[in-house]
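Me: Could you take a close look at the salt bridges in this one for me? I'd like to know which side chains pair up, where they sit and how exposed they are.

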Amino acid sequence: MSSVQARLEELGLTLPEVAAPLAAYVPAVRSGSYVQTSGQLPLVDGKLPVSGKVGAEVTAEEAKDLARTCALNALAAVKSVAGDLDRIARIVKVTGFVASAPDFTGQPGVINGASELFGEVFGDKGVHARSAVGVAVLPIDAPVELEVLVELAD
């Protein structure tokens, strides 16, 4: 068992199957030593556990948990092209999108759900650059979406 897989299990987390694309794209692409994921929604078994805008139908705490789910889905996408999560040298960049009610300004706290998960799993290799952006709407009315750029070791 890989050390990343063992760490996920220690944390009580299960890496899901790669989420099926909702349109004409692939979940992740490798270019040289980097893997870029497509936007990962918080799908669980192919469905959204909750939908709507953060700060309206969805609380910030619920959205933070959904960001963790997005991060797990992103790791599954990375594994699908890298073969082994132990090849991850660094989480380079996380871009988080939060479907926000007009007065909601807590996007960074929501995306902390993903950032904290990467730190718990990868330690110093999980420390990354990040953007947290509020948007009007996301695909299938998802509250959160995440893109991740990962550097692989040879």
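Here is a walk through the salt bridges, one pair at a time.

Reply: Sure. Bear in mind that this is a predicted model. It holds 4 salt bridges, and I'll go through some of them, including two that link helix α2 with helix α3.

Let's start within a helix. Arg 7 and Glu 10 pair up through their side chains, with 2.9 Å from N to O. Both belong to helix α1, which covers residues 3-10, and they are 3 residues apart, or about one turn of the helix. As for accessibility, Arg 7 is partly exposed at 28% relative accessible area, while Glu 10 comes out as exposed at 60%.

Now for a pair between helices. Lys 64 bridges to Glu 116, and their closest N and O atoms are 3.2 Å apart. Lys 64 sits in helix α2 (residues 60-82) and Glu 116 in helix α3 (residues 107-122), so this contact ties together parts that are 52 residues apart in sequence. Lys 64 is partly exposed, with a relative accessible area of 23%, and Glu 116 is partly exposed too, at 35%.

Then there's Glu 120 with Arg 68, another salt bridge, at 3.3 Å from N to O. Here Glu 120 is the helix α3 partner and Arg 68 the helix α2 one, and the pair links distant parts of the chain, 52 residues apart. Glu 120 counts as partly exposed, with 32% relative accessible area, and Arg 68 is also partly exposed, at 21%. Buried means under 20%, so Arg 68, at 21%, falls on the partly exposed side of that cut-off.

Note on methods: Residues are numbered from 1 along each chain as its sequence is written. This is a predicted model: local features need pLDDT of at least 70, side-chain atom pairs count only at pLDDT 80 or more; totals for chains, interfaces and linings use all residues. Side-chain values use heavy atoms; hydrogens and water are left out. Helices (H or I, at least four residues) and strands (E, at least two) are DSSP runs, numbered from the N terminus. Buried means under 20% relative accessible area, exposed over 50%, partly exposed in between (1.4 Å probe, protein chains only).
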